[in-house]
Amino acid sequence: MSSLEEHCWSCPCAPSVESKYSSSSPSAASWLSSKGEEMMSVIASVLSSAYGSLRRDRTFNLIRRGLVLFTVGVLLALVLNLLQIQRNVTLFPEEVMTTLFSSAWWIPPCCGTGAAVVGLLYPCLDSHLGEPHKFKREWASVMRCIAVFVGINHASVKLDFDNNVQLSLTLAALSLGLWWTFDRSRSGFGLGVTTAFLATVITQLLVYNGVYQYTSPDFLYVRSWLPCIFFSGGVTVGNIGRQLAMGCAEKPHSD
């Protein structure tokens, strides 16, 4: 038995087999390494193209949402400002009255730009705060919110009170009711108040510089109920912006 084992270990074929596998192992390792590098490069290129496509889609969706919000702001400005002019709430110089819809040409674009900014800020703030808005997220609710906002603006020029303070308190209650009915979010309330403050300051400056004027001003150069209109308008545009953002987010899943 011992001689047989010595014969097997001393067989001349053993070194050749060992040298064969030892010589082939470096080539196999290099082949695996090259294949691994190829796979990594393919994965990196796929991820890069996917990220670029996603970024382009996000940019396109952002531009599309901004254009829709701008159009909505322009239409609301034309309708609501025409209503106030017909009721002699706002007065423009005579040379302005011959322009489109008896309004200053710069008001609709300014309102459209403001609507686009506010409407895009609402979903961004929701995402930043980690509080996705899920309350009444359907287009029927958004359309009802728009109808209530138009009704509040219509009430501001139609309702007759003994003084502007009573009218302002009534419109403030209606504006808070609009927020509670269609929003109920802290971000929506905060952005609505910010929008009302900034828009009122800008309007005060425009009236102070003689661009146009309000009849019977009781809050410096404007009506005291004007911040309520801006607040409800901010909440309304914010709901439209949220619904547009939700529609863009759901579209890839449906595809």
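Which residues is leucine 69 in contact with, leaving aside its neighbours within four places in sequence? I would like to start there, keeping in mind that what we have in front of us is a predicted model. With those neighbours set aside, leucine 69 is in contact with Gly112, Ala115, Ala116, Gly119 and Leu120, and also with Val237, Ile240, Gly241 and Leu244.

Leucine 69 also leads us to the interior of the protein, since Leu69, Leu171 and Leu178 are the residues with the most contacts inside the largest nonpolar core, which has 34 residues. The elements that contribute two or more residues to this core are α2 (13-86), α3 (107-129), α4 (139-158), α5 (164-182), α6 and α7. Of these, α7 gives the most, with 8 residues.

Let me step back to the overall arrangement for a moment. The secondary structure comes to 7 helices and 2 strands, and, read from the N terminus on, the elements follow the order α-α-β-α-α-α-α-β-α. Of the 255 residues in the protein, 35% are buried. If we take the contacts with a separation of 6 or more, 77% of them are accounted for by residues 24 or more positions apart.

Now to the helix pairs, beginning with α4 and α5, whose axes come within 11 Å and cross at roughly 180°. With an angle over 145 degrees counting as roughly antiparallel, α4 and α5 are therefore roughly antiparallel to each other. On the α4 side, the residues that meet α5 are Ser141, Arg144, Cys145, Val148, Phe149, Ile152, Ala155 and Ser156, and their partners in α5 are Leu167, Leu171, Leu174, Ser175, Leu178 and Phe182. Leu171 and Leu178, then, belong to this contact and are also among the residues with the most contacts inside the core.

The second pair is α3 and α6, whose axes come within 10 Å and cross at roughly 140°, and that angle makes α3 oblique to α6. The crossing in which α3 passes α6 is right-handed. From α3, Val118, Leu121, Tyr122, Leu125, Asp126 and Leu129 take part, and they meet Ser187, Gly188, Leu191, Gly192 and Thr195 in α6.

Staying with α6, I turn to the aromatic residues. A search of the whole structure finds 3 aromatic pairs. One of them joins phenylalanine 189 and phenylalanine 231 in an edge-to-face arrangement, at 5.7 Å centre to centre and with 70° between the planes. This pair links distant parts of the chain, as phenylalanine 189 sits in helix α6 (residues 186-208) and phenylalanine 231 in helix α7 (residues 226-254), 42 residues apart. Is each of the two rings' residues buried or partly exposed? Phenylalanine 189 counts as partly exposed because its relative accessibility is 35%, whereas phenylalanine 231, at 7%, counts as buried. Both residues belong to one aromatic cluster, which they form together with Trp179 and Trp180.

Finally, a residue further along the same helix: leucine 198 also lies in helix α6, and at 46% relative accessibility leucine 198 counts as partly exposed. Leucine 198 and phenylalanine 230 are 32 residues apart in sequence, while their C-alpha atoms are 9.2 Å apart in space.

To return to the opening question, the contacts of leucine 69 include Gly112 and Leu244, and leucine 69 is one of the residues with the most contacts inside the 34-residue core.

Terms used. Residues are numbered from 1 along each chain as its sequence is written. This is a predicted model: local features need pLDDT of at least 70, side-chain atom pairs count only at pLDDT 80 or more; totals for chains, interfaces and linings use all residues. Side-chain values use heavy atoms; hydrogens and water are left out. Rings of Phe, Tyr and Trp (its six-membered ring) pair if their centres lie within 6.5 Å; planes under 30 degrees apart count as stacked, over 60 as edge-to-face and the rest as tilted. Helices (H or I, at least four residues) and strands (E, at least two) are DSSP runs, numbered from the N terminus. Buried means under 20% relative accessible area, exposed over 50%, partly exposed in between (1.4 Å probe, protein chains only). A nonpolar core is a set of buried Ala, Val, Leu, Ile, Met, Phe, Trp, Tyr and Cys residues joined through side-chain atoms within 4.5 Å. Contact means heavy atoms within 4.5 Å. Axes are lines fitted to C-alpha atoms, for helices over the stretch in contact, and angles run from 0 to 180 degrees between N-to-C directions. Angles under 35 degrees count as roughly parallel, over 145 as roughly antiparallel, 65 to 115 as roughly perpendicular and the rest as oblique. A crossing is left-handed if the near helix is turned anticlockwise from the far one by less than a right angle, and right-handed if clockwise.
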